[in-house]
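Student: Could we go through this structure together, and could you show me how each label follows from its definition?

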Amino acid sequence: MIKKKSNWPVMAFLICGLMTIAFPLYMTIVIALKQPTEMTNSIQGILSLPKSWSLANFREAMRVTDFWHSLGNSLLITVVTVVLSIVVHSLLGYAVGRNKAKSKFYSFVYLFVVSGMFVPFAILMMPLAKQTAELGLGNWFGVVLLYVVFYMPMNVLLYSGYLVNIPIALEEAARVDGASTWTTYWKIIFPVMKPMHATVAILTALAVWNDVMTPLVIMAGSNQNTLPLAQLNFQSQFGTNYNLAFASYLLALIPILLFYIVCQKQILNGVVNGAVK
Amino acid sequence: MKNERKRTFLLITIPILALFVCFNTIPLIRGVIYSFTNFKGFGSYDWVGLRNYMDLFTDVRVGKSYLFTFKLAIVTTIVVNVISLILAMALNSKIRAKSFFRGAYFLPNVLGALVVGYIFNYLFTYIIPAFMDMIGLEAFSSSILSNQNTAWIAIVVVCAWQSIAMNTIIYISGLQTVPEDVYEAGGLDGATGWKKFRYLTFPLIIPFFGINMVLSVKNFLMVFDQIMALTKGGPAQSTESISYLIYNNGMSGGQFGFQSANAVVFFIVIVLVSVTQMKISSGKEEQL
């Protein structure tokens, strides 16, 4: 009964809160759609709806920031990282998860890899910039390799934790039929871990897509950009043309916004699973 | 049969472990080695023993960056967790359109921190001063980003705007583990409002509080993108986070060796803070 009464104040509070989220996004959209001549110094001038709807800013922003190239790089890096992470991390999670209880070696490997979670990128970045350059990896593939290493601690922790709930009898049945461990893994364990694959894919994809620091440090000499990196590198070219800058920001946000709208449920589940485990 | 299984596990583990060692352990060791040199990032270098570490503790700029980073991490953690807890309770109560609200409130978390920083940069530089002017508060009509005493507040706001989403979701999943009959029993004993929260709800979600504390502090100590987008460390180096200082002076400022020493100390600080936090929160759990 009490809960029914407190319903409206709670709703009002939540709607007010939403304004703080909606306002910066609204501002981004209206500025991106306007021309510099429509921007007066008053708030009304900046925040009013544009008089004529024009996509000219977007066309120009795409040209200035080499949008399609950056988008392509971001997609390539994210997709390859996610696929490699699912394969590599689940394999290691499996090897470690099945053995760490009885083997000193595997429990050491587990601790060794998982403690990598505490290593800040700041300490790795300078040696890695040198190392990747020496190995000819100062490009998108070098960035992918680094991501596979950086997200290994978290993902191995998740996978080996998930394996505890998968009965070993499942594998033994297959082994009795003469299947090798390798085949058993791909035929039985890998498919069973599907919910964890989804979690790992979501967490890794979000982190990789939005990361600035790794490509900034590693791809500096390659003349290639990811979507966020392009915003950083072309910032000076926008000058005081904020309409152009905001069109570019909006373009950089649209892919992840669409992804979020389509897969909202999976993303929320994935994030919660990842954090609480 | 047993051998085949053992061999497969080894064949899986060794190459992956090698990859990890190659791009995590080796650079870590190289970073430690560089910290004992006067390496500029190019050319030849000499061993300088512990001099970088001695200099670190007397370097004003480094000291300032630690103070700033910790101030930011502590204030943002408190702000974020207080708001997240309130929001989580609101979102967990019986309301209409619950899943819409949850989805909308999580949105900031999926957006890239750099672009969000740029958007807020404009908001702080133009919109808020213009708004203050309009309502007649001329004292606040200059941008908080241009004042070295207030610029850090802008960074707190942007960090909070994005991370509240994450912490709220974790608190909601915590609140969902609290069984309804706990409240019913508490209600009979007359627990309402703050008392109900303090003695019933909060103790039951302490593990989730622990997760949030560790996540928040660690993330905010490593803050970088927001600094890059909002202030670039300024004005007057008042908002240089440790990561930003290491990047800026180490990668392009010719202080490769010195900033490596800084990074080593930073690494130790992160480990100490995280381990202490985990000890505290797991200790609390046992008391329950």
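Tutor: Gladly; here are the helix packing, the domains and the chain contact in turn.
This is a predicted model, where local features need pLDDT of at least 70, side-chain atom pairs count only at pLDDT 80 or more, and totals for chains, interfaces and linings use all residues. Residues are numbered from 1 along each chain as its sequence is written, while chains are lettered from A and ligands numbered from 1 in the order in which they are written.

Student: Why is α5(A) called oblique to α9(A)?
Tutor: Helix α5 (residues 67–99) of chain A and helix α9 (residues 152–163) of chain A pack at about 55°, with axes 8 Å apart. Angles under 35 degrees count as roughly parallel, over 145 as roughly antiparallel, 65 to 115 as roughly perpendicular and the rest as oblique, so α5(A) is oblique to α9(A).

Student: What makes the contact of α5(A) with α9(A), by residue class?
Tutor: The residues divide into 7 nonpolar, 7 polar and 1 charged. Ser85(A) and His89(A) are among those from α5(A), and Met152(A) and Tyr159(A) among those from α9(A). Ala, Val, Leu, Ile, Met, Phe, Trp, Tyr, Cys and Pro count as nonpolar, Asp, Glu, Lys and Arg as charged, and the others, Gly among them, as polar.

Student: Where do the domains of chain A lie?
Tutor: The domain assignment gives domain 1 (1–54) and domain 2 (66–274). Their centres, taken over C-alpha atoms, are 34 Å apart.

Student: How many residues do chains A and B bring to their contact?
Tutor: Chain B brings 72 residues and chain A 65, where contact means C-beta atoms, placed from the backbone, within 7 Å. On chain B's side, helix α1 (residues 2–34) of chain B gives the most, 17 residues.

Terms used. Two residues are in contact if their C-beta atoms, placed from the backbone, lie within 7 Å. Helices (H or I, at least four residues) and strands (E, at least two) are DSSP runs, numbered from the N terminus. Domain bounds come from an automatic or database domain assignment. Axes are lines fitted to C-alpha atoms, for helices over the stretch in contact, and angles run from 0 to 180 degrees between N-to-C directions.
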